[in-house]
Each structure stands twice: as structure tokens, then as C-alpha cells.
Amino acid sequence: MEGLFQQIQELMREVFENKQLIITNETSAKEIAEWNSLNHVLFIAAIEKKFNVSFTLDEMISFANVGDIVTCLKTKI
Amino acid sequence: MIFREIKVGELVDFVNTVFYKNANIVPITPQRAISQANNPYAQPNDVALVLALNNKEEIIGFIGILPGKTMLTDERFFWNTCWWIDPEKGKIAAMPLFYSMLKITKSNLIFFDLTPHTASIVAKMGFMTNSITGTKVFLRFNLNQILPKKYAFLAILKPILKFFDSCLNTMFAKKSAKKELNYQVIKCLDASMEVFLSKFKPTMLTPFDNTFFTWVSNYSWLTTQPNEFETAIAKKYYFSYITQSFVVELLKITHQNELIGIFVVTCRDSEMKIPYCFFDDNATEKVLEAIFNYAYNKKITTITTFHPKIKEQLKLKKNTVLFTKQLVKHVGYPKQFETLGITNKLFQDGEGDAVFT
């Protein structure tokens, strides 16, 4: 679990171009200025590519925080 | 937020539904629906539209996909036709709609005529983007159409502006075509034209043949005599639908009985575009002469082109045009298309859905 979380954090740092980013399960777009709609899609696309999974549109728009993404991702890998 | 896909095979029924008739915004016109339903490159289960609806079932955004064909790959291929978001309610739908299009098309799509903002988004999504320059030349004054569009209050002065146009055109615009008419307007490609076109195949991005031209010429996306329903729909549709006049014509250009060029031209009101053209480099001057003949005969006010050879030739015709305006168009395509040779292909002005309007 910790490994997965670490990988998500790395992806986020890469997509949001912020190497200092530290995330928790509760981290949401409200806390991160770079987490706009475009970067959200880029972030989701990066997760899909890295873990070879696919999110539905409904899932993509339902994620309220990092925890939601990780929980959903675990059901697919 | 709910997403709803409309397939190509469902389009004609969709524009007859109660939902469509009562919608606050419509994502497609009946004209476009019929045209896209007759797309020779589409399959009935292809997704044509993705709609984003809020919890009141109001359309807050939509994105359009047009199946196409490219000479680059045998894989299914698509164009992006539209992307609209309600400026107040639809911002949350923008990127999910865009992403849904990428997933549906497996990113096998080309964007043609992007805005600079959309081009930056497309670039961030991993596509190559490029800009193409074009030229719009003015052959006649047309202030009575141009000025009221920019300044609504001038609409009441249209008759006066029309009078000014008439005076200015009498004084400055070139009036007569050369007597030798070196073009023919024809209905479809004949055998000699197909032979002529074969040498342009290596640089064609998309195939140009009778199948394609028949679709384009029979199913434009504009209507010139709207009925009451269409007039009502036009008020709820963000993109172009109704115009005073619109024709698509295929021109066979010859010189001393030799075929030297094939042009598809569209004339919307008095503005002409050249969606497709094929000619040898050494015939550029002659084909342009024929195009100008056509334009004078039709009393065309402007000609727009992005074709590099025609643009260069137009620079030499400065004394026959009143004004020139430079244009820019942004295109986007998947990076892998570069390995397939897209940089060796000529983007014609009519690629994607551009020829339909």
C-alpha cells in the first residue's frame, strides 16, 4: 500500500511539476494550486498508463481526494 | 453530472426526440445530423457526440467526433468537430469531455483549426501542434456585410453601406473576367481527373475521390432556406447553421485542352474558400487565373487559402486585389503520426469538417 501511495505521489509531482509535493489521503484540489481540471485529466491519464488500468468518466469526475483515487485504483490492479 | 453518447446511427432519431426539441442548447443541427449519418467513413456504432448533462438534464457541454480516413494508417481515424462548454455551468465538464473523446478515438485523431488556447491544451495532452498561415484577399468591397457584424448598430445603415460598396466597386474592383474561360464546373470526377489525381496521392493526407466529394457536395452543414423549426434551432446552436447562400463546386481547370488543375471551392454568401486543390507547381499561375475568372463571374468578395503555392502566387497579384489579410490556423495530431509521415503530407483547407461550412 505504501508503495502504491508513493508511486501516486511521484506521478503527481511529475504532472503538477512540483517536486516538493507531499500528499495524504485527504489531499484534494483545494490544497494544490496546480490541480486544475486539465492537470486532473493528465494525472488520471498518467495513472492509467502507469498501472495499465482504465477509469470511467464517472469515476474520473467523482474523485474528491487522493484517497478516492487510490481506493478506486486498488479495485483495478 | 451525466455523460451521454450519441452514436452515428442514432443521430437522425436524436434530432427528432422531445429531449432535443426541448433542450436549452442543441449539440448538433438536423442538417449536420443527416450529413454525419451519411458519412461514408462512419459506422453506425461510432460515437458522434458526447454530451455532458447536469442534474437537471440540461446540456452543459458537448464534444463532437467525425470518423474519417487518412492515407497514413488503416486504423480507424477521426476528426474533432466541436467542443462546447456552457461558460457558467460547464467548466467541470470541459476536460472530462475532452478525455472521453481521446478514449473513444484511442487518440487516433487530428485537430484542425484549433484556437490558441485549445492548441495549448492539446499540446499538454501529448499531441504535436503546428500552425499554418493563410491569406484572405479582398476582391470587392463588402462593407454592408462586414461592418454590421462587427458593429451591430450599423445594421440599420446596410442600404447606405451597400450603396457605398457599389460606388467603391465601380471605381476600384476588377470587373471582368478574361474571356477565355478555362474552367468547367462539373458534378464528379471523370476518368481523366482520377488519373490526374493519382500523382498527388503521396502527399494526400486524406483521400480525395468521388465517394468523398459526393458526400461533401450533397450534405453540406449549412442551410439557406430555413423553416420555422430550423430557425428556432439555430438560436440554440452555437456553431454555423443558416446562411444566405452556400455552394460547393468542383472545378476542372484546363489550359489548351490539357488538364492542369482540380479545385473544390465553396462560396458562402460572397466569400470563397478552396477546400481542396490539386495542380502541378508549374501551373500555379494558370490555375490561379482560372480561379480568379470564377471569382469575378460569381462576384466573389474574398478568397481564402492556406495552400502554400497559391499564397505565394497571390503575392504576385497584389495589383488585382484590394486588400490582403493574413490568417493563422493551429492543427494538432498524435506524435506517432510523425513516424507515419504526416509532415510529408499537405493539409488541405477543407480537411476535417472545414469543407462543410
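Is helix α11 of chain B largely enclosed by the rest of the structure, or largely open: which of the two, and why? Largely enclosed, because 10 of its 14 residues are buried.

Before I go on, a word on what we are looking at. This is a predicted model. The scores are ipTM 0.78 and pTM 0.88. For chain B, pLDDT averages 92, and 98% of the residues score at least 70.

Back to α11(B). The helix runs over residues 284–297. Its length checks out. Take 1.5 Å a residue, and the 14 residues should span 20 Å; the end C-alpha atoms are 20 Å apart, so the two agree. The buried stretch starts at Lys286(B) and Val287(B), and also takes in Leu288(B), Glu289(B), Ala290(B), Ile291(B), Phe292(B), Asn293(B), Tyr294(B) and Ala295(B). Note that Lys286(B) and Glu289(B) are among the buried ones.

What do those buried residues of α11(B) pack against? Five strands and a helix of chain B: β7 (183–186), β8 (246–255), β9 (258–268), β10 (271–279), β11 (302–305) and α12 (308–315). After α11(B) comes Lys299(B), with a positive phi near 55°.

Next, the cores. The largest nonpolar core has 64 residues. Leu11(B), Val50(B), Phe62(B), Leu97(B) and Phe98(B) have the most contacts inside it. Helix α4 of chain B, residues 91–105, gives this core its largest share, seven residues. Look at Phe98(B). Setting aside neighbours within four places in sequence, Phe98(B) contacts Ile63(B), Trp83(B) and, from the other chain, Val41(A). Another core lies apart from that one. This second core has 38 residues, including Ile274(B), Phe279(B), Phe292(B) and Leu314(B). We have met Phe292(B) already, as a buried residue of α11(B).

Now the two chains. How many residues of chain B are in contact with chain A? The count is 11, and they meet eight residues of chain A. On the chain B side, α4 and α5 (116–124) are the elements that give two or more residues. The largest share, seven residues, is from α4(B). By type, that side of chain B has nine nonpolar residues, one polar and one charged.

Then the domains of chain B. The assignment gives domain 1 as 2–106, and domain 2 as 134–139 + 174–328. Their centres, taken over C-alpha atoms, are 28 Å apart. Across the boundary, 19 residues of domain 1 of chain B contact 16 residues of domain 2 of chain B. On the domain 1 side, α3 (30–37) and β4 (77–85) of chain B each supply at least two residues. The largest share there is five residues, from α3(B). That side divides into nine nonpolar, eight polar and two charged residues.

One last residue: Ser131(B). It sits in strand β6 of chain B, residues 127–138. Buried or exposed? Ser131(B) is exposed, because just 11 other C-beta atoms lie within 10 Å, and the cut-off for exposed is 12 or fewer. Leaving out residues up to four places away in sequence, Ser131(B) touches Val328(B), Lys329(B) and His330(B). Glu228(B) is another matter. Ser131(B) and Glu228(B) are 97 residues apart along the chain, and their C-alpha atoms are separated by 40 Å.

Terms used: Residues numbered from 1 in each chain as written. Chains lettered and ligands numbered in written order. Predicted model: local features only at pLDDT ≥ 70, side-chain atom pairs only at ≥ 80, totals over all residues. Core = buried A, V, L, I, M, F, W, Y, C linked by C-beta atoms within 7 Å. Buried ≥ 20, exposed ≤ 12 C-beta atoms within 10 Å, placed from the backbone. Helix = DSSP H or I, 4+ residues; strand = E, 2+ residues; numbered from the N terminus. Contact = placed C-beta atoms within 7 Å. Nonpolar A, V, L, I, M, F, W, Y, C, P; charged D, E, K, R; others polar. Expected span 1.5 Å × (residues − 1). Domains from an automatic or database assignment. pLDDT = per-residue confidence, 0-100.
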